[in-house]
Amino acid sequence: MVVETLERALGNRVFEPEAASVLVGTALNDDEQTFVERWCVEVGTRAVSGSPLLGLAGLCLGHTARRFGCLSDEALALAASLAARAEADPTDVDTRAIAGFDDVRDFLHLW
């Protein structure tokens, strides 16, 4: 159900609200870190500019860092990239990505 919902939203923006709920629920409740990270990265790299899913993917990576205490190099790089994009242009990536990257830095004791 998670995969289908996220894939559907990545193919058609009308399904983004449902996908947002699924992504957050997965980040907060799924016990499989690899699965959570993979879908945060998929959404954060495949969603189109201006999609609320981009900022949400960054925020969910912050939740993932808090819950599991680590992130893959790919997920860490994406969290940083989404935050930088949000700082440069919040119409591209919304500012939730900045909050997510702040959480990543705090919970992983970076910088």
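**Exercise 1. Decide whether Leu108 is buried or exposed, and list what Leu108 touches.**

Step 1. Leu108 has a relative accessible area of 16%. Buried means under 20% relative accessible area, exposed over 50%, and partly exposed in between (1.4 Å probe, protein chains only). Leu108 is therefore buried.

Step 2. Leu108 lies in helix 6. Helices (H or I, at least four residues) and strands (E, at least two) are DSSP runs, numbered from the N terminus.

Step 3. Not counting residues up to four places away in sequence, Leu108 touches Ala65, Gly69, Cys70, Leu71 and Asp103. Contact means heavy atoms within 4.5 Å.

Step 4. Leu82 is 26 residues from Leu108 in sequence, and the two are 17 Å apart in space, C-alpha to C-alpha.

A note on the model: it is predicted, so local features need pLDDT of at least 70 and side-chain atom pairs count only at pLDDT 80 or more, while totals for chains, interfaces and linings use all residues. Residues are numbered from 1 along each chain as its sequence is written, and side-chain values use heavy atoms, with hydrogens and water left out.

**Exercise 2. Describe how helix 4 and helix 6 pack.**

Step 1. Two packed helices are described by the angle between their axes and the distance between the axes. Axes are lines fitted to C-alpha atoms, for helices over the stretch in contact, and angles run from 0 to 180 degrees between N-to-C directions.

Step 2. The axes of helix 4 and helix 6 (residues 96-108) come within 7 Å and cross at roughly 15°.

Step 3. Angles under 35 degrees count as roughly parallel, over 145 as roughly antiparallel, 65 to 115 as roughly perpendicular and the rest as oblique. Helix 4 and helix 6 are therefore roughly parallel to each other.

Step 4. The crossing of helix 4 and helix 6 is left-handed. A crossing is left-handed if the near helix is turned anticlockwise from the far one by less than a right angle, and right-handed if clockwise.

Step 5. The contact includes Gly55, Gly58, Leu59 and Ala65 from helix 4, and Ala97, Phe101, Val104 and Leu108 from helix 6. By class, this contact of helix 4 with helix 6 has eleven nonpolar, four polar and three charged residues. Ala, Val, Leu, Ile, Met, Phe, Trp, Tyr, Cys and Pro count as nonpolar, Asp, Glu, Lys and Arg as charged, and the others, Gly among them, as polar.

Step 6. Take one residue of helix 6, Ala97. Ala97 counts as buried, at 0% relative accessibility. Beyond four places in sequence, Ala97 is in contact with Gly55, Gly58, Leu59, Leu82, Ala83 and Ala86.

**Exercise 3. Check the length of helix 4, and say how many of its residues are buried.**

Step 1. The expected span of a helix is 1.5 Å times one less than its number of residues.

Step 2. The 17 residues of helix 4 should span 24 Å, and its end C-alpha atoms are 24 Å apart, which agrees.

Step 3. Of the 17 residues of helix 4, 13 are buried, so the helix is mostly covered.

Step 4. Thr64 is found in helix 4 (residues 52-68) and counts as buried, at 0% relative accessibility. Among the contacts of Thr64 beyond four places in sequence are Ala27, Gln33, Val36, Glu37 and Cys40.

Step 5. Gly69 follows helix 4 and has a positive phi, near 75°.

**Exercise 4. Which angle and axis distance describe helix 2 and helix 4?**

Step 1. Helix 2 (residues 16-29) and helix 4 pack at about 10°, with their axes 8 Å apart. That makes helix 2 roughly parallel to helix 4.

Step 2. Residues of helix 2 including Ala20, Leu23 and Ala27 meet residues of helix 4 including Leu56, Cys60 and Thr64. The contact of helix 2 with helix 4 divides into eleven nonpolar, four polar and three charged residues.

**Exercise 5. Find what is notable about the phi of His109, and place His109 in the chain.**

Step 1. Most residues other than glycine have a negative phi, and most peptide bonds are trans.

Step 2. His109 has a positive phi of about 55° although it is not a glycine.

Step 3. His109 is in the segment after helix 6. At 72% relative accessibility, His109 counts as exposed.
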